[in-house]
Amino acid sequence: MKSYFDTHKKEDCNGCGTCSLLCPVNAIKMVEDEEGFLYPKINEKKCIKCNKCRNVCSNIVEKNNYTIKAYAAKNKDEEKRKNSTSGGMFKILAEYIINKKGIVFGVKLNEDLVAIHDYGETIEECKKFSFSKYVRSDLNGAYEKVKKFLNQDRYVLFTGTPCQVQGLRIFLGKDSEKLILCEIICHANPSPKVLKMYIKNHENISKQKVKQIYFRSKDKEMDNSAYIEFEDGTKKKIQEYITAFSGNQLINRPSCYHCQFVDENRKADFTIGDLWGIEKILPEFNDNKGISLLTVNTEKAEKIFDEIKDMLDYKEVNLKEAFRYNHHSNLSKNKHRDKFFLNISNGKINENNIIKYLEKYTRRPLHSKVLGKIKRILKRILK
Ligand SMILES: Cc1cc2nc3c(=O)[nH]c(=O)nc-3n(C[C@H](O)[C@H](O)[C@H](O)COP(=O)(O)OP(=O)(O)OC[C@H]3O[C@@H](n4cnc5c(N)ncnc54)[C@H](O)[C@@H]3O)c2cc1C
Ligand code: SF4
Ligand code: SF4
Ligand code: SF4
């Protein structure tokens, strides 16, 4: 496979920034494009044509030959599971590392509601990483910080998208017994620029600041939907944003439609996600409170799993079956995506109307609504 530096196609760069960190003469800068995603840019005057950037690209991935095991898993602590996106697996790994006086890296929303990588050294500090932030995170110097802590002989857990994890692995250049890599299952990363504009549009309409975003909630009052909370405490659902990210693939990074980390051949030590299809795969395990899909992908992870398994309820599941209803092949780009971003760069879509455009592009066509209704009626009759 060729690298982004040869093809110059955006779909071939996941934005990890490893090439920029490893260039021997500091000739690569990560630059934001008009869609709000980062790409490497070479300063030709500085470049010594050593080709290192091509050889270290994280988007060129090798197969993991380990016999990967998959589990349906839930944190035995109900409170911790409630305060997690899925089954609360992240918290178990985080506690394992914190108990070893280690450092945990994850994604939080900062005071400007921008998703960034950060680290925590206590259980309390790691709470900010709970719950998925459905947007591309800014790595915020995380790779260099991980390296520094490993050099201090500390345990480190790094969590992120599979491409961010792969970028870190290549940046470090060697494995360490004290490093645990945990990737989330990830089907796409939306543009931070779109999220920023979307929030601003809500603020402009409501004439007040949004104080928090809940990308996925277990809040019954909000029907378990995604929502934002304004300064005065009022809440508003943000389904059009979630659909644009997840349901109809409008606002995501080009590399996500060509993702190299898509199948059940997982690359990090652990992979955590939702066990979609649990009602078909393992109905007796389902309690509708969030079930994790956990895969154990390396020998190191298998040893750790033995140490943490008492903190979970778990059941082994067939690996292929576990991914059957989850993300296991690339999703197609929405046919309006390029026009949508073009209209952002020319100002037609802006902070005063982006909600309207997201609604427009995520609205289900009439024929699909009618078909859905017919299906539901038939299901009821056949019951
Ligand atoms: C953009 C995105 C797409 C996803 N797509 C899928 C999918 O298709 N299928 C699926 O099964 N699961 C998907 N997930 C993962 C799922 O939503 C949960 O994050 C995962 O199951 C962990 O849940 P938990 O209960 O163990 O952890 P929680 O306690 O909720 O912790 C959340 C974990 O996710 C990490 N995280 C949060 N936001 C980001 C981010 N923007 N980038 C990188 N890491 C982040 C945190 O650092 C932490 O490790 C996705 C998550 C994200 C952020
Ligand atoms: S070819 Fe070498 S010097 Fe030039 S940008 Fe790539 S890594 Fe840097
Ligand atoms: S190393 Fe990362 S940022 Fe650089 S070209 Fe490859 S995917 Fe893109
Ligand atoms: S879908 Fe693939 S390329 Fe996109 S953020 Fe996730 S792992 Fe990276």
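This report describes the surroundings of two ligands and the nonpolar cores in a predicted model.

**Ligand surroundings**

Ligand 1 has 34 residues around it, and those that come nearest are Ser-84, Thr-85, Phe-90, Gly-106 and Gly-273. Several elements of secondary structure each contribute at least two residues to this shell: helix H5 (89–98), together with strands E4 (103–109), E6 (156–160), E11 (270–274) and E12 (292–296). Around ligand 3 there are 14 residues, of which Cys-13, Cys-16, Cys-19, Cys-57 and Asn-59 are the closest. The table shows how each shell divides by residue type.

| Shell | Nonpolar | Polar | Charged |
|---|---|---|---|
| Ligand 1 | 13 residues | 18 residues | 3 residues |
| Ligand 3 | 6 residues | 8 residues | no residues |

**Nonpolar cores**

In soluble globular proteins, nonpolar side chains tend to be buried together. In this model, the largest nonpolar core contains 85 residues. Ala-72, Leu-93, Val-104, Phe-105, Leu-157, Phe-158 and Cys-182 have the most contacts inside this core. Helix H5 is its greatest contributor, giving 7 residues. Both domain 2 (69–189 + 254–324) and domain 3 (192–251 + 335–374) supply at least three residues to the core.

Cys-182 illustrates these contacts. Leaving aside residues up to four places away in sequence, Cys-182 touches Leu-93, Leu-157, Phe-158, Thr-159, Ala-268, Asp-269, Phe-270 and Ile-272.

Another core, of 11 residues, lies apart from the largest one. Ala-27, Leu-38, Tyr-39 and Cys-57 are among its members. Cys-57 thus appears in two settings: it belongs to this core, and it is one of the closest residues to ligand 3.

Technical notes. Residues numbered from 1 in each chain as written. Chains lettered and ligands numbered in written order. Predicted model: local features only at pLDDT ≥ 70, side-chain atom pairs only at ≥ 80, totals over all residues. Near = placed C-beta within 6 Å. Helix = DSSP H or I, 4+ residues; strand = E, 2+ residues; numbered from the N terminus. Nonpolar A, V, L, I, M, F, W, Y, C, P; charged D, E, K, R; others polar. Core = buried A, V, L, I, M, F, W, Y, C linked by C-beta atoms within 7 Å. Buried ≥ 20, exposed ≤ 12 C-beta atoms within 10 Å, placed from the backbone. Domains from an automatic or database assignment. Contact = placed C-beta atoms within 7 Å.
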